[in-house]
Amino acid sequence: KSALALIAAFCCFLFFFFPLLVHGIAPVFAAVATAVFVLSLTVWLICGTTRKALAAGLASLGGVLAAGIAAEGFGAAAHLTGYNVTNIESLIFIAQSTKIDVGGLLFAGILFASLGAVLDIAMDVSSAVTELHETTPEKPRHELFASGMRVGQDVMGTMAATLILAVFGGSLGAWVIDYVYDLPLLQLLNSNGLDIVLMQGLSGGIGVILTVPMAAGVSAFLLTSSDRTPS
């Protein structure tokens with residue numbers, strides 16, 4: 001099922017996201033629509049039509065949107081327009097013959113970069129709350145939420161570190177160049193490359209952090225509701 005989910009996610013990018021870009025749809029909106037498809041397919045293939053899957057999907061979507069909003073805020077504060085990325089010359093050349101909005105690709109990429117980590121922690125918290133509810137069904141909603149928060153706090157620290165390290169590893173070549181040339185700290189802080197890396201790491205971390213209470217709250221609410229859908 002995990003392999004099928006990966007294949008389905010790849011197909012969503014290939015046959016849905018890229019065609020939307022070519023037809024002139026804003027990259028951020030195309031990324032959100034693609035993320036909804038990927039999240040829905042992934043949680044359905046892994047968990048089926050259960051309340052656990054619904055809670056994980058909703059929390060993941062909320063975390064991804066939070067990461068996107070944070071990225072927009074950091075980008076505005078750092079004056080990043082999306083034209084500061086690598087390969088921008090080739091992208092601008094492609095944009096001349098297509099309807100692709102090159103400036104929005106940076107923030108769309110941040111949404112996708114945080115998607116995996118957010119989905120991971122949402123599924124962890126939702127699964128833990130569901131298992132706790134099945135073993136102790138008399139446990140009230142607020143205690144389920146508190147238990148989910150405690151589980152999420154432990155996972156959140158390692159997941160945020162994983163996200164930061166992934167961003168660092170993806171730009172390792174640039175870091176090595178900056179280190180070898182021994183650039184001044186002020187020049188590094190004002191470089192677009194470092195600003196983009198910091199924006200990716202911070203916005204993704206915010207998305208991961210906010211996913212924990214959303215996953216715990218939605219799971220506790222759905223599992224203790226009067227709905228008879230199997231959990």
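1. The second largest pocket of this predicted model encloses about 240 Å³ of space. Its lining consists of S2, A5, L6, A9, V38, T42, I46, L115, G116, L119, D120 and M123. Three elements each give two or more residues to this lining, namely α1, α2 (27-47) and α5 (105-135). Helix α5 gives the most, with five residues.

2. The character of this lining may be stated by class: eight residues are nonpolar, three are polar and one is charged. Among the lining residues are L115, L119 and M123.

3. Confidence in the model should be considered next. The mean pLDDT of the protein is 81, and 93% of the residues score at least 70. Among the elements, helix α1 (residues 2-22) has the highest mean pLDDT, at 86; this helix is also one of the elements that give two or more residues to the pocket lining. The lowest mean, 72, belongs to helix α8 (residues 185-189).

4. One stretch calls for caution. Over residues 227-231 the pLDDT stays under 50, and for these residues the model has 11 contacts beyond four places in sequence. Where pLDDT is low, the predicted coordinates should not be read in detail.

5. How many disulfides does the structure hold? The number is zero. For C11, which is in no disulfide, the nearest cysteine sulfur is that of C12, 7.2 Å away. A disulfide requires the two sulfur atoms to lie within 2.5 Å. C47 is likewise in no disulfide, and the nearest cysteine sulfur to C47, again that of C12, is 17 Å away.

6. Are C11 and C47 buried or exposed? C11 counts as partly exposed because its relative accessibility is 31%. C47, at 15% relative accessibility, counts as buried, since the cut-off for a buried residue is under 20%.

7. Residue L105 lies in helix α5, the helix that gives the most residues to the lining of the second largest pocket. Because its relative accessible area is 25%, L105 is partly exposed. Leaving aside residues up to four places away in sequence, L105 touches L21, P27, L91 and I100. One of these contacts joins distant parts of the sequence: L105 and L21 are 84 residues apart in sequence, while their C-alpha atoms are 9.3 Å apart in space.

Technical notes:
Residues are numbered from 1 along each chain as its sequence is written. This is a predicted model: local features need pLDDT of at least 70, side-chain atom pairs count only at pLDDT 80 or more; totals for chains, interfaces and linings use all residues. Side-chain values use heavy atoms; hydrogens and water are left out. Buried means under 20% relative accessible area, exposed over 50%, partly exposed in between (1.4 Å probe, protein chains only). pLDDT is the predictor's confidence in each residue, from 0 to 100. Helices (H or I, at least four residues) and strands (E, at least two) are DSSP runs, numbered from the N terminus. Contact means heavy atoms within 4.5 Å. On a 1 Å grid over the protein atoms alone, a cavity is a set of points where a 1.4 Å probe fits but cannot get out, and a pocket is an open set with protein on both sides within 12 Å along at least five of seven lines; lining residues have an atom within 4 Å of a point. Grid points are joined across faces, edges and corners, and a volume is the space filled by probe spheres set on the points. Ala, Val, Leu, Ile, Met, Phe, Trp, Tyr, Cys and Pro count as nonpolar, Asp, Glu, Lys and Arg as charged, and the others, Gly among them, as polar.
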